[in-house]
Amino acid sequence: MTRANATVVVVAVLALCSVIAAVMATGAPNSHTPEPLDALIQAYPQHLKAYDGQNLVWQDGTRMPTPPEVRAREPEQRLSDPDVIDMLAWDYTFQPPTSPPPTDADPGRARHQPFFIKMYGDCRQGEVAPNLEKVDWLPETLGRTLSMTRVNGAAQALRNVSQELDQLDPKYLKFLDNPAGTYNCRTISGTDRLSMHAFGAAVDINVSRANYWRWAKPDDRGERPWQNQIPYEIVEIFERHGFIWGGRWHHFDTMHFEYRPEFRILYARTNESR
């Protein structure tokens, strides 16, 4: 290769590097975006734009530091101080439960609070309530009304759930006829972290027919055995419309459903690739 040709090659390489750097600076999608983060971007396209290898990039240009893969951490650390990718560390399955969840597996229970505050607003600052919509809860049989955020289509998703639940056999009404509520600007019991109810993106159905790990009596080993009364016919309808169920958690909360469409997307992608 002549010196002139070598110079041309060097110049071309430098130009290519400049282009790549410019693309990265604009937050263009990384072709190697990890599946969990790609599922988040697809689930919330009105908010999220891309992953640049170090940050989750929001549509307004905000960069939220995000590691490319899940770190090795104790389960309690992952719950008490999760980063974005920790939220998807545990696999969520969309199959009828045939056994209790694995010990300390709580898919969806880890939530990076800054992520949800940026997306839904901070209820403590009055930012969530203006986005609430009234949703008729089983209008044909119960005629109740619940409040849900319209952000990300959560209210419409709950409306779709309600319409399908309304068509179930009346024997299921006892689990649905006294919902504990949706929006509530509060923290998770026993913590200082905001509940998904504080974002208007969760619903609790009838408490008297549900089980919650904090209410369960410990066994001889100090464990609180998984318990559930909620029929899978109800769970399946919620999950089909983008909600996850607290009954799939080791720290079970079987009355609880929250809008997290990223899990459905990730589950579908993972199973398609197998």
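Let me start with strands β4 and β5. In this predicted model, strand β4 covers residues 132–137 and strand β5 covers residues 144–149. The two run antiparallel, and 6 bridges join them. To find one pairing by eye, go to Lys134, whose bridge partner in β5 is Ser147. The hairpin has 6 residues between its strands. In that hairpin, please look at Leu138, which takes a positive phi near 45°.

Now the open sheet. It is formed by 3 strands in the order β1-β2-β3, with antiparallel pairing. Which strands are at the edges? They are β1, residues 48–51, and β3, residues 63–65, and each of these pairs on one side only. From one strand to the next, the twist averages 25°. Strand β2, residues 55–58, pairs with β3 in the antiparallel sense over 3 bridges. One position to mark there is Asn55, which stands opposite Pro65 in β3. A general point, while we are on strands: when a strand is regular, its side chains alternate between the two faces of the sheet.

Two helices lie across these strands. Helix α2, residues 35–43, lies across β1 and β2 and runs at about 160° to β1. Helix α4 lies across β1, β2 and β3, and it runs at about 5° to β2.

Next, a loop. Between α3, residues 75–80, and α4, residues 113–120, there is a loop that holds Ser99. Is Ser99 buried, exposed or partly exposed? Its relative accessible area is 48%, so Ser99 is partly exposed; the partly exposed class runs from 20% to 50%. Ser99 also has a distant partner in sequence to look at, Trp226. The two are 127 residues apart along the chain, yet their C-alpha atoms are 9.2 Å apart in space.

Further along is helix α6, residues 232–240. Which of its residues are buried? Ile234, Val235, Ile237, Phe238 and Glu239 are. Just after α6 comes Gly242, with a positive phi of about 100°.

Now the spaces, beginning with the largest pocket. Its volume is about 330 Å³. There are 20 residues lining this pocket, and those closest to its centre are Arg186, Ile188, Ser189, Tyr212 and Asp253. By type, the lining divides into 8 nonpolar, 5 polar and 7 charged residues.

There is also 1 cavity of 30 Å³ or more. About 40 Å³ of space lies in the largest cavity. What lines it? The residues are Arg111, Gln113, Phe116, Ile188, Arg193, Leu194 and Phe199. That lining divides into 4 nonpolar, 1 polar and 2 charged. If you are following on the screen, note Ile188: this residue lines the largest cavity and is also among those closest to the centre of the largest pocket.

Last, the overall counts. The protein has 7 helices and 9 strands. Of its 274 residues, 47% are buried. As for contacts between residues at least 6 apart in sequence, 59% of them join residues at least 24 apart. Ser99 and Trp226, at 127 residues apart, are a pair to keep in view when thinking about separation along the chain.

Key. Residues are numbered from 1 along each chain as its sequence is written. This is a predicted model: local features need pLDDT of at least 70, side-chain atom pairs count only at pLDDT 80 or more; totals for chains, interfaces and linings use all residues. Side-chain values use heavy atoms; hydrogens and water are left out. Two strands pair if DSSP finds at least two bridges between them. Helices (H or I, at least four residues) and strands (E, at least two) are DSSP runs, numbered from the N terminus. Buried means under 20% relative accessible area, exposed over 50%, partly exposed in between (1.4 Å probe, protein chains only). On a 1 Å grid over the protein atoms alone, a cavity is a set of points where a 1.4 Å probe fits but cannot get out, and a pocket is an open set with protein on both sides within 12 Å along at least five of seven lines; lining residues have an atom within 4 Å of a point. Grid points are joined across faces, edges and corners, and a volume is the space filled by probe spheres set on the points. Ala, Val, Leu, Ile, Met, Phe, Trp, Tyr, Cys and Pro count as nonpolar, Asp, Glu, Lys and Arg as charged, and the others, Gly among them, as polar. Axes are lines fitted to C-alpha atoms, for helices over the stretch in contact, and angles run from 0 to 180 degrees between N-to-C directions. Contact means heavy atoms within 4.5 Å.
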